[in-house]
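Colleague: I have the model open on my screen. Could you walk me through it, one question at a time?

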Amino acid sequence: MVELTDIQNTSLRQEITEYVEKVNERQHLIQLYSKARPDLQDIAAAIVAGDHETVDRLTEKALQEEIQALEVMDDGLIAGMALVGIKFRENFIFVPEVLACARAMKAGMKHIEPILSASGIKPVGKVIMGTVKGDLHDIGKNLCIMMLRGAGFEVIDLGVDTSSDDFIDAVEEYEAPIVGMSALLTTTMPNMGKTIEAFIDADLRDDVKFMVGGAPVTPAFADDMGADAYGDSAVECVDIAKRFVATADS
Amino acid sequence: MDKIDPEEYEKRVARITSLFSDIVKHSETQSLTRCPYKNKDDRCTASFGCRYKSPIKSDESLPQCDSDDLLDYRSAWDTHPESYEKMRQQLQETNLNPDDPRITSAGTVSTVHKTLPAKVGKTLFDYADDFQLSVPSSCGRMGQCHECIIEITEGMESLCPKAETEAFLSESFRLACQSSVQHSDKNICFSVLSRSPQILTATQTATLDRDPTVIRKGNDVYYQDELIDQFRGGIFGLAIDLGTSTIVMELVNLQSCEAIYTCSFENPQRFGGSDVMNRISYDAGPFRGKLHRVLINTLNDKIFHIAEQTQIDRRMIYEIVLVGNPTMRDLFFNLDVQSIGQRPYKSSMEHAFLEGKRTTTAITSLTRKLRLAVNKNARVFGAPIIASHVGGDIVADLVTLDLAVQTGTVMLVDVGTNTEVVLKSGNRMVTASCPAGPAFEGGLVTFGMPGYEGAIESITYQEDQLTYQTIGDVKPTGICGSGLIDLLATLRRSEQMTPMGVFADKAQAFTVVPEPRITLSREDASHLAQAKAANYCGQYILMRSLGVTPESIDKLYLAGGFANYVDPESAIAIGFLAPVDTERIIKVGNSASQGAKELLLSQKKRQDIEKVIAQIEHIELETTADFFEIFVDGCQFKPMQFV
């Protein structure tokens, strides 16, 4: 039977000791980490620490040393993210920390993407995401981006305070067929409508699908603005994006 | 590097999506009480302004968040809260056609003593606002927090159909924010759950041993040997008596050992049943976990309320002590309660203890795991239970009454939705639990009600005239437990009812008050008989098991809910209480709450009471050979007979 001490990475041992209380979860993680190569344990630890630079460096190194990409994902990236999920659920860490860990995961996946392409695996779709002009709230958008990337989408994040021109430029540059807009202020919600109108003026409206979200936004409002879909959670955002891709292919 | 198999990759994508989904769902709950831009070090990661952002010091990279999470954090951001409301109202109104003839209505919406015309589209939460009723909500009335549960007493058909988020509510219960008027031609009546029942809060003022778990050392706050916080100006604890029908919460200053604030309210789990067995069944159904969630939400709401009333920062609350029967306690800790509902009726903690896997049935946990709105390093101590249905509340009674050291023969009867009895004689202690049911607390009896304003609490017969007193001295609306006991005793004394519950003239009902009409029917009497029989059996069987007669009882402690208002003579006359000399009957009010406070303030008492618990024998009433005969005897409204 494997023990905590069979895990070579000290930081992972500490994390499990301090933060994982359920016996079955402890056992599961001990099994998982102890059988992983030390190099991949280090990646998992860096994910838990939200250290994207280390994850970047170590993932690149692991792949160069010819460790299989799926193994790197399983024992490094996903293994780390599982512990992050537990810590978050038990309220030891909060959304900002989780987003940092997701960023670290993205840094690792960056090195795996070329291998996916070479294997004929393409991204599910391409999405431009941004919070509208005048609005600086980004957590909802960031959680959606996390879920989209996790589901295999390529996401271009335009950040906050995004103008109509910024959206148009991004769509043209990346040839993205899906645009997601977020707004948290009732005063900035109308900018969603303005952006969609700008796309109509630029003759680009038929090339993209718009999905919108944010606390004060409602399906009725989304309809009035001319959006194609409204989502009330990050999980729904992924479903909508998948639907858009499916209808585009048909 | 080998190519990646697309199918294998898909499995990883599914796994990641599942992990992230759980994270997103949890973030929705977490952000109900904590700003999501606040990181684990209480620093702000938002790029917009907020009035709680402190200026950045030169050696820091992120500003401190000075919010104590008392307010809805969204209102502190640089946003325009008024425009939210306007926008929401506008959207609601546009759904309604002003030419709709149903708008001028014949029907009304009312609650106790207040009425307004019914208007299609208006939610019952809006009506509650108009009626100035306090209804809790922490999700901005979006149907997510489930705190605004109300009971519809009339006109359920006139409301819009239940939303998906209301699926966990049965029959007459709805969420105030989701139920809007759909047909305005008939009347709708609703009642808000927490009223202000006449509930006992602790009355004993014994001197207390002081040895709390949380102390201050200089600028540090310690939980036993662990440093948990920097001193914030005070150290407080909460003592909670988690009753099936009623909850009492007290805020205690752990430095001065004084109770500062007390509040009592209806247990919000009533939508899952009024007694323990019904709630266990509910929790086995598709809405497992709902009872736990609703309870925690209500407790948090009260914690916010207490903090506001006392102007004390919630983060200065470092320990919670919780006493309650095993089902209530385990639901609080979100444990599986099914084993309590099936033979041998023991909780999972008791099973584990008996199997040697635990050294105590007490539960200590971090409040953080239960998402309670107190200091993030605070602990909650769930008092140990005795056995089966006899739980932490009786343990608390024993702590405060110091039953173990008393000489002579002593009996404790704790009356409530469940009645528990403890009997000490010589060096033996026995206990039993009697599921009395809600009859004496307002359930099942036509005009029965809890101890709220308008309840008849005492009845006497003077010169052939029935006289009564109501709580609050207002017009009567019903009869509460103590009133029912008086009524039954009065009917027996004046020979207007036989011991079997048959009225004189074989009438179907007895009129207590002619106007407004309040009656007691034969069926009501039957329900009360069964509830009383449970109490009877508990006391009778325990006394018999130790060879104790009523005359040999030196003290009978009467504790719990409505017990303080019960007239002992009446109770003895109908066989509700053993016929002990009334001078030896001592009413101790809500001793469970008092005991909870003592446990909060003394670790030694927690250890000492474990030794007492170990000596108590639990007697299972149902396995007593002649239980049925005794129960049948107990159903009769006459004093207990000991041959």
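Modeller: Happy to, and let's start with a strand pair: β3 (residues 149-154) of chain B runs antiparallel to β5(B) over four bridges. Helices (H or I, at least four residues) and strands (E, at least two) are DSSP runs numbered from the N terminus, and two strands pair if DSSP finds at least two bridges between them. Bear in mind that this is a predicted model, where local features need pLDDT of at least 70, side-chain atom pairs count only at pLDDT 80 or more, and totals for chains, interfaces and linings use all residues. Residues are numbered from 1 along each chain as its sequence is written, while chains are lettered from A and ligands numbered from 1 in the order in which they are written.

Colleague: Which residue of β5(B) stands opposite Glu154(B)?

Modeller: β5(B) also pairs with strand β1 (residues 108-111) of chain B, in the parallel sense over two bridges. On that side, Ser110(B) has its bridge partner in Cys189(B). Glu154(B) stands opposite a β5(B) residue too, and that is Cys189(B).

Colleague: Which side chains of β5(B) point to the buried face?

Modeller: In a regular strand the side chains alternate between the two faces of the sheet. A residue is buried if 20 or more other C-beta atoms lie within 10 Å of its own, exposed if 12 or fewer, and partly exposed in between, with C-beta atoms placed from the backbone. Along β5 (residues 188-192) of chain B, Cys189(B) and Ser191(B) point to one face and are not buried, while the other face takes the buried Ile188(B), Phe190(B) and Val192(B).

Colleague: What is the strand order in the open sheet of six strands in chain B?

Modeller: Pairing in this sheet is mixed. β24 (585-589) and β25 (616-618) of chain B each have a single partner strand, so they stand at the edges with one side left without a neighbour in the sheet. Inside it, β15 (residues 410-414) and β16 (residues 419-425) of chain B run antiparallel over five bridges. The full order is β24-β23-β15-β16-β17-β25.

Colleague: At what angle do α9(B) and α13(B) cross?

Modeller: Axes are lines fitted to C-alpha atoms, for helices over the stretch in contact, and angles run from 0 to 180 degrees between N-to-C directions. The axes of α9 (residues 392-401) and α13 (residues 591-601) of chain B come within 7 Å. The pair is roughly perpendicular (65 to 115 degrees; under 35 is roughly parallel, over 145 roughly antiparallel, the rest oblique), because the axes cross at roughly 75°.

Colleague: How many residues of α10(B) are buried?

Modeller: α10 (residues 481-493) of chain B reaches 18 Å from its first C-alpha to its last, close to the 18 Å expected (1.5 Å times one less than its number of residues). Among its buried residues are Leu484(B), Asp486(B) and Arg492(B). The helix is mostly covered, and of its 13 residues the buried ones number twelve.

Colleague: Which helix supplies the largest share of the side of chain A that touches chain B?

Modeller: Two residues are in contact if their C-beta atoms, placed from the backbone, lie within 7 Å. By that rule, 44 residues of chain A meet 38 residues of chain B. α5 (69-89), α6 (95-118), α7 (139-150) and α11 (234-249) of chain A each supply at least two residues of that side. The largest share, nine residues, comes from α5(A).
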